[in-house]
Amino acid sequence: MTENTVEPTSLTLLGLGAMGAAFARAWLAAGHSLTVWNRTASRAEPLAAEGAAVAATAAEAVAANRLVVVCLLDDDSVEEALAGADLTGRDLVNLTTSTPGQARARAAWARARGARFLDGGIMAVPPMVGVPGSGAYCFYSGSRDLFDAHRAVLSVPAGTRYVGADAGFAALHDVALLSAMYGMFAGISHAFALIREEDIAPKDLAPLLAEWLNAMAGSVHTTAEQLQSGDYTKGVVSNLAMQVAGKATLLGTAEEQGVSPELLTPFFALMERRLAGGHGAEDTTGVIDLLACAPA
């Protein structure tokens, strides 16, 4: 969080799942006037006891305040919840997980109904929300004027990072980071699988993995610089030819340990394709070009 003591603001929140409830409690704890709505009305009862006003319908909740935050299951849920609401003059902040295309379409939909629109991507799990120093933050994209007007109150549950006027950019940043996370999870899973049947305690490997992954994380800056410059040989430490040559050891070890190589082979296949194109002196950055040119 970047703001925990701001001028009291009246706002509406639609959606009281685990994440929505966490945001609600953070705003209430900071002294903001909050109107809430949830399809399952019983979920609003604990928040009513904490000071929230409970609306009987989504339309009633929207009518209560200019600032309306939506945190529902999916884009279809947003469409359904707001179908009967008058959005004229409202500032609509959508924290519902969506694709970039859905966010752009929802922005146009909101503008056509007289509302300013801001899309958000939450980079946190519910226990992090409202906790100083937790590292929780949200990406925001869309109306800069809306963001500037409400940044202080939006910063109460989690930090804010505005990433552009294109309403799809928050979702795109969100998914880009999550995609990298799942790639890391895949590597961690393979590493633990390799030692699974050996006399090596997972808790002993864990700090070594964390240390190694932290050391390797800095490579994202090298990749970014190579993409910006177009020179994929810039700053190369271990070139593509060398890395492909080392594939046999990694896959051979997996075979010896009785571990499926299925988490590694797709990336190695892309590396081999890039190498076959005569790019052995490069880093692995060229794989991005192959992905970006993949058939639909």
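This report describes the overall makeup, the helix packing, the nonpolar cores and two buried residues of a predicted model.

**Overall makeup**

The protein contains 13 helices and 8 strands, and its C-alpha trace extends over about 65 × 45 × 35 Å along the principal axes. Of the 296 residues in the protein, 40% are buried. Among the contacts with a sequence separation of 6 or more, 62% come from residues that are 24 or more positions apart.

**Two helix pairs**

The table sets out the geometry of two helix pairs.

| Helix pair | Angle between axes | Distance between axes |
|---|---|---|
| α7 (residues 169-195) and α8 (residues 202-217) | roughly 145° | within 11 Å |
| α4 (residues 75-82) and α5 (residues 100-112) | about 15° | 11 Å |

In the pair formed by α7 and α8, the crossing is right-handed. On the α7 side the contact is made by Met 184, Ile 188, Ala 191, Phe 192 and Ile 195, which meet Pro 202, Leu 205, Ala 206, Leu 209 and Leu 213 of α8. Sorted by class, this contact of α7 with α8 consists of 10 nonpolar residues, with no polar and no charged residues.

For α4 and α5 the angle is about 15°, and because angles under 35 degrees count as roughly parallel, these two helices are roughly parallel to each other. The crossing of α4 past α5 is right-handed. Here α4 contributes Asp 75, Val 78, Glu 79 and Leu 82, while α5 contributes Gln 102, Arg 106 and Trp 109. The makeup by class of this contact of α4 with α5 is 3 nonpolar, 1 polar and 3 charged residues.

**Nonpolar cores**

The largest nonpolar core comprises 33 residues, and within this core Leu 13, Trp 27, Val 69 and Val 93 have the most contacts. Two or more residues each are supplied by the strands β1 (10-14), β2 (33-37), β4 (67-70), β6 (116-123) and β7 (137-142), and likewise by the helices α1 (18-29) and α6 (144-154). The element that gives the most to this core is α1, with 6 residues.

Val 93 can be followed in detail: leaving out residues up to four places away in sequence, Val 93 touches Leu 67, Val 68, Val 69 and Val 70, together with Leu 118, Tyr 140, Leu 146 and Leu 154. A second core, separate from the one just described, has 21 residues, including Leu 14, Leu 82, Ala 107 and Phe 117.

**Two buried residues**

Thr 35 is placed in strand β2. Its relative accessible area is 12%, so Thr 35 is buried, the cut-off for buried being under 20%. With neighbours within four places in sequence set aside, the contacts of Thr 35 are with Leu 11, Thr 12 and Leu 13, with Ala 53, Ala 55, Ala 61 and Ala 64, and with Asn 65.

Leu 95, by contrast, is found in the loop between β5 (91-94) and α5. Leu 95 has a relative accessible area of 5% and is therefore buried. Not counting residues up to four places away in sequence, Leu 95 is in contact with Phe 23, Val 69, Val 70, Cys 71, Gly 120, Ile 122 and Tyr 140. Although 76 residues separate Leu 95 from Met 19 in sequence, their C-alpha atoms are 9.6 Å apart in space. Val 69 and Tyr 140 thus appear among the contacts of Leu 95 and also among those of Val 93.

Notes
Residues numbered from 1 in each chain as written. Predicted model: local features only at pLDDT ≥ 70, side-chain atom pairs only at ≥ 80, totals over all residues. Heavy atoms only, no water. Axes fitted to C-alpha atoms, helices over the stretch in contact; angles between N-to-C directions. Helix = DSSP H or I, 4+ residues; strand = E, 2+ residues; numbered from the N terminus. Left-handed = near helix turned anticlockwise from the far one by under 90°. Contact = heavy atoms within 4.5 Å. Nonpolar A, V, L, I, M, F, W, Y, C, P; charged D, E, K, R; others polar. Parallel < 35°, antiparallel > 145°, perpendicular 65-115°, else oblique. Core = buried A, V, L, I, M, F, W, Y, C linked by side-chain atoms within 4.5 Å. Buried < 20%, exposed > 50% of the residue type's maximum accessible area, 1.4 Å probe, protein only.
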